[in-house]
Protein chains: 2
Amino acid sequence: MKSTKSTEIAQLGEFGLIERLTSRLGKRNETTLVASGDDAAVIEIGDEVLLMTTDMMTEGIDFDLSYFPLKHLGYKVIVRGVNDILAMNAKPQQVTVALGVSSKISVEVLDALYEGMELAAAELGVDIVGGDTTASMNGLVITISAVGRAKREEVVYRSGAREHDLICITSNLGAAYMGLHLLEREKRVLKDVDNPQPKFEGYEYLLERYLKPRARMNVLKALADEGIRPTSMIDLSDGLASDLRQICNASKCGARIYLERIPIARQTSELAEEMHIDPVIAALNGGEDHEFLFTVPLDMREKVAALGLVDIIGHITREEAGVILVTPDGEGIALKAQAFDR
Amino acid sequence: MKSTKSTEIAQLGEFGLIERLTSRLGKRNETTLVASGDDAAVIEIGDEVLLMTTDMMTEGIDFDLSYFPLKHLGYKVIVRGVNDILAMNAKPQQVTVALGVSSKISVEVLDALYEGMELAAAELGVDIVGGDTTASMNGLVITISAVGRAKREEVVYRSGAREHDLICITSNLGAAYMGLHLLEREKRVLKDVDNPQPKFEGYEYLLERYLKPRARMNVLKALADEGIRPTSMIDLSDGLASDLRQICNASKCGARIYLERIPIARQTSELAEEMHIDPVIAALNGGEDHEFLFTVPLDMREKVAALGLVDIIGHITREEAGVILVTPDGEGIALKAQAFDR
C-alpha cells in the first residue's frame, strides 16, 4: 500500500543529487564563505581562510581488495583528500580518517593501510590528526576529511576562468583508467587459476597511476614560484570531459580543447588498443587521473610553456560556444557530460 | 602457504587498535597542537584554535533502517559530530557529510536524511558546507566531519581533571540503550507479522533518547554564563564506565562515583526490569547517551548545584585509588572498561 514516491538516484546522477540535497541548506555562520560547489568549502579564520573537504571510498566500488595493496590504498586516500585542498591553491595541513571495518579485516591489514597513509602524509607535509573506527557489516569504508589554509586572495575557485584563458593539465590522462582495466582483466582471466601470475609486464606505469597516484604539488609550487596564479582549477577525478564542464559551468564560459594536444602515454594507448578501448575515451572520461586541470591568462603562455611541466590543451570561450573537442581535421564535437557517463 | 601474522581486531579492542594505528603518526605542521586522544584534534588558527573531528556510522551496526526513521538518523549524525566539538568547550561551526549509498536507497530517502541533518544544523547553529556521495555495495554509510573554534585557553581536554574535582553529567543515563533494546525487541516479535503494530506506549522517552538525542548546548551555555569552566569533559558515547575511565586515564587520576547518585529515568528502570536487564548496567555501559561527562573544581559545588541542570555523581581521586563505583551499602567496585565491554 506504500504510495511514497521513489526516485532512483541514477535518474538524477551524482551532480543532480548533490544539487538537490544541498539546495535547501541554510547558512548560520559568517565564517562560512563558500559551502558547496567547489573542491572544498571555504571558511574564514582571521586573516586567512580554511579549506575543508571530505571524500569517501567504499570497497567493491572505489577499490577491490583482491588486487589493491592496502599500503597503496592508504597512500591513495590521502592523495585524494589532499588534492581537493591543493586544487583550491591552498596548503593542506591536517586530515582525519574514519574507517568502517568488517570482521574479515585483520590488524595487520590496517597497519599496512596506515603505513601507506603516513607515507603520503609525510610526502605531502600533512598530519593525520585523528579519526574514528567503527564496525562495518560489509567491507571496508574509508572517509578522509582534510583541511588546509590559504590567504583569502590566493584561493583559486572553479568559477574564475575567463574568455581567452589557456586550459592546462599537469600530466597525461587515461592512464589510471587503463590501469584499472588491466587489473580487472587479469582478475577475470585468473579467477579459477591456482597460484595466479597476472601479466603486467610493460604496463607498470598504468598500475602505478591507478594504485598510487601522485599529488602534483611540485607543479603547483613551480607555478607559484613563477608568479603564475591559475584563474580556475579542479582536481581531475571524474575525467577531463566532466571536470572541464564543471569549470565551464561554474565560470559561465565555454571551452575549446584540441584532441591532438591531449597527452596520452604510450602505455595507455597500447593497452587501450589491445583491449579495444578508444584511448581518447580513456583520456576524456576515464577518471581518477588526480591531475590538476586549470586555466591561466593568455599572456602567461610563454611562462607556462617554459616550465615544461604542463600541457596547454585549449582555451576558454564565451558560454554560448559550448564545451567543444576539436578533432585533428577541425571538426568540433560538443562534450556533453551525459554522453560520456560511465 | 600464507604465513603472514593475522591478529583479529577484537583482540586489541577499539582503543587498543586506535592506539596502535596512531602511535606511528608523525607531525609536520606547527599548527597541529593536539592530534589523537581527545574528542577532537586541536589546530592553531591565529589567536584561536580550530577543533576538528570525524565520526562514521554504518548501517547494520550503528543503525537499522527497518526502524530508524531517516529524518531522525540525519538529526542524530549531526548531533554526534557536533557533540565532539562541544565536548572540547568549543563553538561548532561547520560540518561536511560523506555518504555511501546503496542502490536500494531512493532520492526521497536521502531527502529525509538531509531534512533531519538541516534541522539539527539549524538548532545547533552549524552550516553543512559540503560533502561527498559515493556508491556503496552494502548499505548506507555516513561520515560527519565537524570543525569548530575556541579561544586557546578555553579548550577543555579530557586530561584536565584533578583530585577533589566533582564529576558531573548533564542528564540521566541508559535511556538510549533501553530505547535501542525496545526497538530490537519489537522488530524480533513482529518480524513475521503483516502490518505490524509495535508496542511503544509508555516508552516514548526512551525512543526519543535513542533516535533523536539532543545536544546539551543549553547546559554548556549555562555553565559558561555562570563562569564555571569544566576542568575536563567528554561526550558520553561509549557509556559512563568507559568514558569516565577515558578521563581518568588522560588525567592520570582515579574516581569515585556513587551508584545512588547516577540518575536513571523511570522509563529506563521500568523497561529494564521488564526485559530482565540491570538498569545500572544500562546506565554504566549502555552507550549513545550523548550527554556530557565533565569535572569541575570542588569549590564550584554550589554554583553547579544551583543551575539545576547537572547531576554531581562523585569526585576525582588519586590515580592509585582506581576508578570506583560505590554501592549504597558502601562497597566499592572497580570499574574496569573490560568488564563492561559489550
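**Close-up 1. B:Thr58, a buried strand residue.** In this predicted model, B:Thr58 has 2% relative accessibility and therefore counts as buried (under 20% relative accessible area; exposed is over 50%, partly exposed in between; 1.4 Å probe, protein chains only). The residue sits in strand S3 (residues 48-58) of chain B. Helices (H or I, at least four residues) and strands (E, at least two) are DSSP runs, numbered from the N terminus. Contacts (heavy atoms within 4.5 Å) are listed without residues up to four places away in sequence. From chain A, B:Thr58 touches A:Thr134, A:Ala135 and A:Ser136. From chain B, B:Thr58 touches B:Phe63, B:Leu140 and B:Val141. B:Thr58 and B:Leu140 are 82 residues apart in sequence, yet their C-alpha atoms are 6.2 Å apart in space.

Residues are numbered from 1 along each chain as its sequence is written, and chains are lettered from A and ligands numbered from 1 in the order in which they are written. The model is predicted, with local features needing pLDDT of at least 70, side-chain atom pairs counting only at pLDDT 80 or more, and totals for chains, interfaces and linings using all residues; side-chain values use heavy atoms, with hydrogens and water left out.

**Close-up 2. A salt bridge between A:Arg28 and B:Asp127.** A salt bridge is a side-chain nitrogen of Lys or Arg within 4 Å of a carboxyl oxygen of Asp or Glu. Over all chains, the structure holds 46 of them. Here the closest N and O atoms of A:Arg28 and B:Asp127 are 3.9 Å apart. A:Arg28 lies in the loop between helix H1 (9-22) and strand S1 (32-34) of chain A, and B:Asp127 in strand S5 (residues 127-135) of chain B, so the pair joins two chains. A:Arg28 counts as partly exposed, at 29% relative accessibility. B:Asp127 counts as buried, at 1%.

**Close-up 3. The salt bridge of A:Arg80 with A:Asp55.** The N to O distance is 2.8 Å. A:Arg80 belongs to helix H2 (residues 70-86) of chain A and A:Asp55 to strand S3 (residues 48-58) of chain A. The two are 25 residues apart, and the pair links distant parts of the chain. Both A:Arg80 and A:Asp55 are buried.

**Close-up 4. A salt bridge within helix H6 of chain A.** A:Asp225 and A:Lys221 pair at 2.9 Å, N to O. Both lie in H6 (residues 217-225), four residues apart, about one turn of the helix. A:Asp225 and A:Lys221 are both exposed. Elsewhere, salt bridges that share partners join A:Asp55, A:Lys76, A:Arg80 and A:Glu288 into one network.

**Close-up 5. The buried face of H6(A).** The buried residues of this helix are A:Val219, A:Leu220, A:Ala222 and A:Leu223. Seen down the helix axis, they fall within an arc of 160° (taken from the directions from the axis to the C-beta atoms), so they line one face. They pack against H2, strand S8 (232-235), strand S10 (292-296) and helix H10 (301-307) of chain A. On the other side of H6(A), A:Lys221, A:Ala224 and A:Asp225 are exposed. Just after the helix, A:Gly227 takes a positive phi of about 75°.

**Close-up 6. Packing of H5(B) with H8(B).** Helix H5 (residues 204-211) and helix H8 (residues 266-274) of chain B pack at about 100°, with their axes 8 Å apart. Axes are lines fitted to C-alpha atoms, for helices over the stretch in contact, and angles run from 0 to 180 degrees between N-to-C directions. The two helices are therefore roughly perpendicular (65 to 115 degrees; under 35 is roughly parallel, over 145 roughly antiparallel, the rest oblique). H5(B) contributes B:Glu204, B:Tyr205 and B:Leu206 to the contact; H8(B) contributes B:Gln267, B:Thr268 and B:Leu271. These residues divide into three nonpolar, two polar and one charged. Ala, Val, Leu, Ile, Met, Phe, Trp, Tyr, Cys and Pro count as nonpolar, Asp, Glu, Lys and Arg as charged, and the others, Gly among them, as polar.

**Close-up 7. Surroundings of B:Thr268 in helix H8 of chain B.** At 0% relative accessibility, B:Thr268 counts as buried. Not counting residues up to four places away in sequence, B:Thr268 touches B:Leu173, B:Gly174, B:Ala175, B:Met178 and B:Leu206.

**Close-up 8. B:Pro263 in the loop between strand S9 (254-258) and H8 of chain B.** B:Pro263 counts as buried, at 15% relative accessibility. Leaving aside neighbours within four places in sequence, B:Pro263 is in contact with B:Ile169, B:Ser171, B:Asn172, B:Leu173, B:Asp311 and B:Ile313.
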